[in-house]
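Here's a quick tour of how some helices pack and where the empty space sits. Have a look at the model first, then read on.

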Amino acid sequence: MGKKKILITGASGFVGRNVKEYLEQTGKYEIYAPTSSELNCLDEQAVVSCLKQYNFDYVLHFAVYGDAIDKTKDGSKTLEYNLRIYLNLARNAHLFGRMYYTGSGAEYDKRYPICSVTEEEIGKTLPTDAYGLLKYTVGQMIEQSENVYNFRLFGIYGKYEDYPTKFISNVCCKAIQNVGLSMRQNVYFDYLWVEDFCRMIEFFLEKQPQYHTYNMVSGTRISLKEICDIVRKISGRELPVYVCREGTANEYTASNERFRKECPDFVYTAPEVAIERLYRWYEQNKEQIDLYRLLY
């Protein structure tokens, strides 16, 4: 029996690149990870041809169209293009085994505090922003599907993310450069270490999910101030921490009970351990840190 075949979209992005590297290291899968120029997911015929040609066991859909990082993209097309990309794959679900899609806690509507929410609590209010509405809409379609599953991410961090804009990487890089740490306002998040997410993906490559949606979180509530304290301790430097606004912003945490019931033996990496691993990785790649981008 040959290796299971996996299509990874968005494999050059933060999450996709980490998952691709992790699965390649297991040696258990045959992985096809085309660039956007090799497979334009907005092109329905190109997607259909690819799916028919390879007969994938799994599709890991991480590709995202947006201007948050790539400023050449048209931000006004975020909803339309990402929905079209999803539909180009989902409408042809008969051509593959299962598809795993990365949703977002933004599905719960980030105008309000999101506190240890369960999967069943979705839909109390509709998101008003394009990204949240996109993720909510796709999530609702996935619930009606046969072989598509929503791995709902809240905060995920690790190597290859956009360090100037992602908080944990940002403060790690600032500490390495001996620059004061800063935040707009303190807030409680549930951050998931990307290597833990990779192991969660692997679990569902070997096991049939019981549900169509999972909150992919650590179950650990942590504030930005606590993260700063961890980074300062790792760095060994008495760096100042600047907070622009007093109080706390809307919480952004979720329950991982549904996943834990299916995978009771899963061991999450402690935040202190994961953040130190990330910090040491940036230390080893210090030449890639652009101080100007960190500050401005």
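## α3 against α4

At what angle do helix α3 and helix α4 pack, and how far apart are their axes? This is a predicted model, and in it α3 (residues 78-90) and α4 (residues 130-143) pack at about 20 degrees, with 9 Å between their axes. An angle under 35 degrees counts as roughly parallel, so that is the label for α3 and α4. The crossing in which α3 passes α4 is right-handed.

On the α3 side, the contact residues are Thr78, Leu79, Asn82, Leu83, Tyr86 and Leu87. They meet Ala130, Leu133, Leu134, Val138, Met141 and Ile142 of α4. Sorted by class, this contact has 10 nonpolar residues and two polar ones, with no charged residues.

## The cavity

Which residues line the largest cavity? The list runs His61, Ala63, Val64, Asn82, Tyr86, Tyr101, Thr102, Leu134 and Lys135. Three elements give two or more residues to this lining: α3, β4 (98-104) and α4. Some names come back here from the helix contact: Asn82 and Tyr86 of α3 and Leu134 of α4 are in the α3 and α4 contact, and Asn82, Tyr86 and Leu134 also line the largest cavity.

As for volume, the largest cavity comes to about 70 Å³. The count of cavities of 30 Å³ or more is one. Its lining breaks down by class into five nonpolar, three polar and one charged residues.

## The second largest pocket

How much space lies in the second largest pocket? The figure is about 180 Å³. The lining takes in Tyr108, Asp109, Tyr112, Pro113, Ile114 and Cys115, along with Val117, Glu121, Gly123, Lys124 and Thr125.

By class, that lining has six nonpolar, two polar and three charged residues. Asp109, Glu121 and Lys124 are among the residues there, and Asp, Glu and Lys count as charged.

## α7 against α9

Now for a helix pair further along the chain. Helix α7 (residues 224-235) packs on helix α9 (residues 271-284) at an angle of about 55 degrees, and the axes are 10 Å apart. That angle is why α7 is oblique to α9. Their crossing is right-handed.

From α7, the contact uses Ile227, Ile230, Val231, Ile234 and Ser235; from α9, Glu272, Ile275, Glu276, Tyr279 and Arg280. What is the mix of classes in the contact of α7 with α9? There are six nonpolar residues, one polar and three charged.

## α1 against α6

The last pair is helix α1 (residues 14-26) with helix α6 (residues 194-206), packed at about 60 degrees with axes 9 Å apart. Oblique is therefore the word for α1 and α6. Here, too, the crossing is right-handed, as α1 passes α6.

Which residues of α1 and α6 meet? In α1 they are Phe14, Val15, Asn18, Val19, Tyr22, Leu23 and Thr26, and in α6 they are Val194, Phe197, Cys198, Arg199, Ile201, Glu202 and Leu205. By class, the contact of α1 with α6 comes to 10 nonpolar, two polar and two charged residues.

Definitions and conventions: Residues are numbered from 1 along each chain as its sequence is written. This is a predicted model: local features need pLDDT of at least 70, side-chain atom pairs count only at pLDDT 80 or more; totals for chains, interfaces and linings use all residues. Side-chain values use heavy atoms; hydrogens and water are left out. Axes are lines fitted to C-alpha atoms, for helices over the stretch in contact, and angles run from 0 to 180 degrees between N-to-C directions. Helices (H or I, at least four residues) and strands (E, at least two) are DSSP runs, numbered from the N terminus. Angles under 35 degrees count as roughly parallel, over 145 as roughly antiparallel, 65 to 115 as roughly perpendicular and the rest as oblique. A crossing is left-handed if the near helix is turned anticlockwise from the far one by less than a right angle, and right-handed if clockwise. Contact means heavy atoms within 4.5 Å. On a 1 Å grid over the protein atoms alone, a cavity is a set of points where a 1.4 Å probe fits but cannot get out, and a pocket is an open set with protein on both sides within 12 Å along at least five of seven lines; lining residues have an atom within 4 Å of a point. Grid points are joined across faces, edges and corners, and a volume is the space filled by probe spheres set on the points.
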